Amino acid sequence: MESDMRLLVTRWQGVIAHYRDFLPVSEKTPIITLHEGNTPLIRSRWIERMLDERMEVYLKFEGTNPTGSFKDRGMTVAVSKALERGLTIGICASTGNTSASAAAYCGVAGMKCAIVVPAGKIAAGKLSQALAHGAIICAVHGSFDDALKIVRELTKEMPVALLNSVNPERIEGQKTCAFEICDAIGDAPDFHILPVGNAGNITSHWKGYREYYEAKRISQLPVMVGVQAEGASPLVKGEPIANPETIATAIRIGNPASWHSAIRARDESNGTIIAVSDEAIVDAYRILARREGLFVEPASAASVAGLMKLAQEGYFEGKFEELRKERNIDRDRPIVVCILTGHGLKDPQTALQTFQLPEPLPPTVNAVKRAIEQVI
Ligand code: F0G
């Protein structure tokens, strides 16, 4: 019994071990892993009900990765490869999650990590992670886009590993999220919805689906749906945005590095990239926390906000009818997966502001009783 338990605990060894055949590693690659991946794909009950049971909705909760976001999938590959090349410093620009992940994985690799972030725009949880993991923190008066420009210049001058998703090894690792979804469902979903910032993740997920399709592990490709925040929606507007603004700081990006591959994912999958308001993001953030038990960060809630918006517009019915005809699907409801990219604990300030902490009470039974009775 005891040894069985041990086997259960240790069986999952991270995304490189599990999907090695699809990843650019060899016996020479020193694998740096925190056993990332294998995140839960959770059937949504409340959201399905809100949508009149017109679709099956699954939530892929990437917040359970070791540093609390999907970035760990790409970071295990990028840092392992950097170490294989003998590099000793990793560097990245970040809205927070990439820096937290890079700092953790570089620490394990015995590498230094430098992060360049927009000053005052990083959620508290993410910054504390980078600090705790010992990153060299360079906060600049500027945007994420400015930070990325600096980092790209620096990598030309210094022997450092670029750990942003412009590094194709990050994309390779992140595509494992699509693999896991297919392995769990038994095929690709009909629709795959995710938030889009720098556009690395939509690029990687689409790549993952395509590779699984070519390997005949799945019989269809999903329609890709990217969701941006209205104030930071360059891909929707079709031009870079100089001063992006949104409550979802993780996707507060005006000029995504993977612009073209995001558009390719959209077009090749016959999908769409839409914008949602900050109010819609907060509504989805609340529903996820209150009803699905999933505390995600605001950027992650954008995918569910996108689902709600498109459902209201009747997007899925029309599109699914087309798919059914094209692909001879006999299901009468589409299968939709929403990616929840990061954990809510990353951004406690937004939670405290959104949900409002009540004033402390006198330490008496009556005071507490009154407080409870007021809301029931
Ligand atoms: N969701 C979260 C929680 C993120 O942190 C990010 C990106 C995205 C979605 C968008 O993914 O950039 O691949 O389109 N965060 C990056 C960072 C930019 O620096 O942590 P993307």
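## Exercises on a ligand and an open sheet

In this predicted model, a backbone N or O atom of Ala-199 is placed 2.7 Å from an oxygen atom of the ligand.

**Exercise 1.** Find which residues place an N or O atom within 3.5 Å of an oxygen atom of the ligand, and state whether backbone or side chain is involved.

*Solution.* Begin with Ala-199, whose backbone N or O atom lies 2.7 Å from a ligand oxygen. Continue to Gly-200, where a backbone N or O atom is 3.1 Å from an oxygen atom of the ligand. Then turn to Asn-97, which uses an N or O atom of its side chain, at 2.8 Å from a ligand oxygen. As a last step, consider the cover: of the 470 Å² of accessible area that the ligand has on its own, the protein covers 99%.

**Exercise 2.** Describe where the ligand sits and which residues and helices surround it.

*Solution.* The ligand is found in the largest cavity. Around it are 20 residues, of which Ser-94, Gly-197, Asn-198, Ala-199 and Thr-341 come nearest. Sorted by class, this shell holds eight nonpolar, 10 polar and two charged residues. Helix 5 (97–109) and helix 10 (200–214) each contribute at least two residues to the shell.

**Exercise 3.** Work out the order of the strands in the open sheet, and identify its edge strands.

*Solution.* The four strands follow the order 5-4-3-6, with parallel pairing. Strand 5 (136–140) and strand 6 (161–162) are the edges, since each pairs on one side only. Within the sheet, strand 3 (residues 89–93) and strand 4 (residues 112–118) are joined in the parallel sense over five bridges, and Ala-93 stands opposite Val-116 in strand 4.

Terms used: Residues are numbered from 1 along each chain as its sequence is written. This is a predicted model: local features need pLDDT of at least 70, side-chain atom pairs count only at pLDDT 80 or more; totals for chains, interfaces and linings use all residues. Side-chain values use heavy atoms; hydrogens and water are left out. A residue is near a molecule or strand if one of its heavy atoms lies within 4 Å of it. A polar contact is a pair of N or O atoms within 3.5 Å; within protein, one must be able to donate a hydrogen and the other to accept it, and residues adjacent in sequence count only if both atoms are side-chain atoms. Accessible areas come from the Shrake-Rupley method with a 1.4 Å probe; for residues, only the protein chains shown count as cover. On a 1 Å grid over the protein atoms alone, a cavity is a set of points where a 1.4 Å probe fits but cannot get out, and a pocket is an open set with protein on both sides within 12 Å along at least five of seven lines; lining residues have an atom within 4 Å of a point. A molecule sits in a cavity or pocket if more than half of its atoms lie within 2 Å of its grid points. Ala, Val, Leu, Ile, Met, Phe, Trp, Tyr, Cys and Pro count as nonpolar, Asp, Glu, Lys and Arg as charged, and the others, Gly among them, as polar. Two strands pair if DSSP finds at least two bridges between them.
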